[in-house]
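Visitor: Please take one part of this protein and go through it closely, then place it in the rest of the model. I would like the reasoning spelled out where there is any.

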Amino acid sequence: MLTEFQDYLTFENIYIWSNFLVFPFWLMLIFIPKSKITQIIVNSVILPLIFAVTYIYVIYNIILLEESISDLFQLYIGLDSLYTVFSSEGFLVIFWLHFLFVNLFLGSWISNDGIKYNMSLKIIFLPLILTYLSGPVGFTIYWLIRIFYAKKLRIHD
């Protein structure tokens, strides 16, 4: 049974399932941010733990497949090194999980901050969608909206 489960959890399947499984959390942030369910599931330690376990599982499989984990530390040398790292399915999945998690974290922060400033869902809808697609763009648009909505300019919060 465990072997069948491990055989099923290929890098491709982890990629596909992570995309499908993150989507309901985004829907919760966009449509029911004040709900207890959203607060418990999306804004708790549950999702970071799920991502961390998946991340560790992928790293474990990279080591089993004898891909060089030291390649990961070559990222900052140049674009050729980055290309080499991304040519590995395992490292590509790790970075995709990282992308999904960071964007979801930003979306959660936007949602909570919108609640804090009593913003309408209509106002934060577009920034949340853009954060889902491209984290920094949606976050920046939200921050600009927040400046005008909250009538204060803060560099940090």
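**Helix α8 and its surroundings**

Guide: Helix α8 covers residues 135-150, and its 16 residues should span 22 Å at 1.5 Å a residue; the C-alpha atoms at its ends are 22 Å apart, so the expected and computed spans agree. The model is a predicted one.

Six residues of α8 are buried: G135, G138, Y142, R146, I147 and A150. Their cover includes α6, residues 89-116, and α7, residues 121-133. Just after α8, K151 has a positive phi of about 60 degrees.

Of the two covering helices named here, α6 can be checked for length in the manner used for α8. It has 28 residues, and the distance from its first C-alpha to its last is 40 Å, close to the 40 Å expected at 1.5 Å a residue. A positive phi also follows α6: N118 takes a value of about 55 degrees.

The other covering helix, α7, holds L128. L128 has a relative accessible area of 0%, and because buried means under 20%, this residue counts as buried. Leaving out residues up to four places away in sequence, L128 touches W26, L29, I30, G107, I110 and S111. One of these partners, W26, lies 102 residues from L128 along the chain, yet the two C-alpha atoms are separated by 8.2 Å.

F31 makes a useful contrast with L128. F31 is found in helix α2. Its relative accessibility is 52%, and because the cut-off for exposed is over 50%, F31 counts as exposed. Apart from neighbours within four places in sequence, F31 is in contact with L121 and F125. Between F31 and F125 there are 94 positions along the chain, and their C-alpha atoms are 8.4 Å apart.

Helix α2, residues 11-31, also takes part in the largest pocket, where α2 and α4, residues 46-64, each supply at least two lining residues. The volume of this pocket is about 350 Å³. Its lining consists of 16 residues, and those closest to the centre are W17, S18, L21, I50 and T54. With seven residues, α2 provides the largest share of the lining. Sorted by class, the lining has 13 nonpolar residues, three polar residues and no charged ones.

The wider setting is as follows. The protein has eight helices and zero strands, and from the N terminus on its elements run α-α-α-α-α-α-α-α. There are 157 residues, of which 32% are buried. Among contacts with a separation of 6 or more, 66% are between residues 24 or more positions apart; the L128 and W26 contact, at 102 residues apart along the chain, is one with such a separation. The accessible surface comes to about 10,200 Å², and carbon and sulfur atoms account for 73% of that area.

To return to α8: the agreement between its expected span and its end-to-end C-alpha distance is at 22 Å, its buried residues include Y142 and R146, and α6 and α7 are among what covers the buried set.

Key. Residues numbered from 1 in each chain as written. Predicted model: local features only at pLDDT ≥ 70, side-chain atom pairs only at ≥ 80, totals over all residues. Heavy atoms only, no water. 1 Å grid on protein atoms, 1.4 Å probe; cavity = no way out; pocket = protein on both sides within 12 Å on 5 of 7 lines; lining within 4 Å. Points joined across faces, edges and corners; volume = space filled by probe spheres on them. Helix = DSSP H or I, 4+ residues; strand = E, 2+ residues; numbered from the N terminus. Nonpolar A, V, L, I, M, F, W, Y, C, P; charged D, E, K, R; others polar. Expected span 1.5 Å × (residues − 1). Buried < 20%, exposed > 50% of the residue type's maximum accessible area, 1.4 Å probe, protein only. Contact = heavy atoms within 4.5 Å. Areas by Shrake-Rupley, 256 points an atom, 1.4 Å probe, with all protein chains shown as cover.
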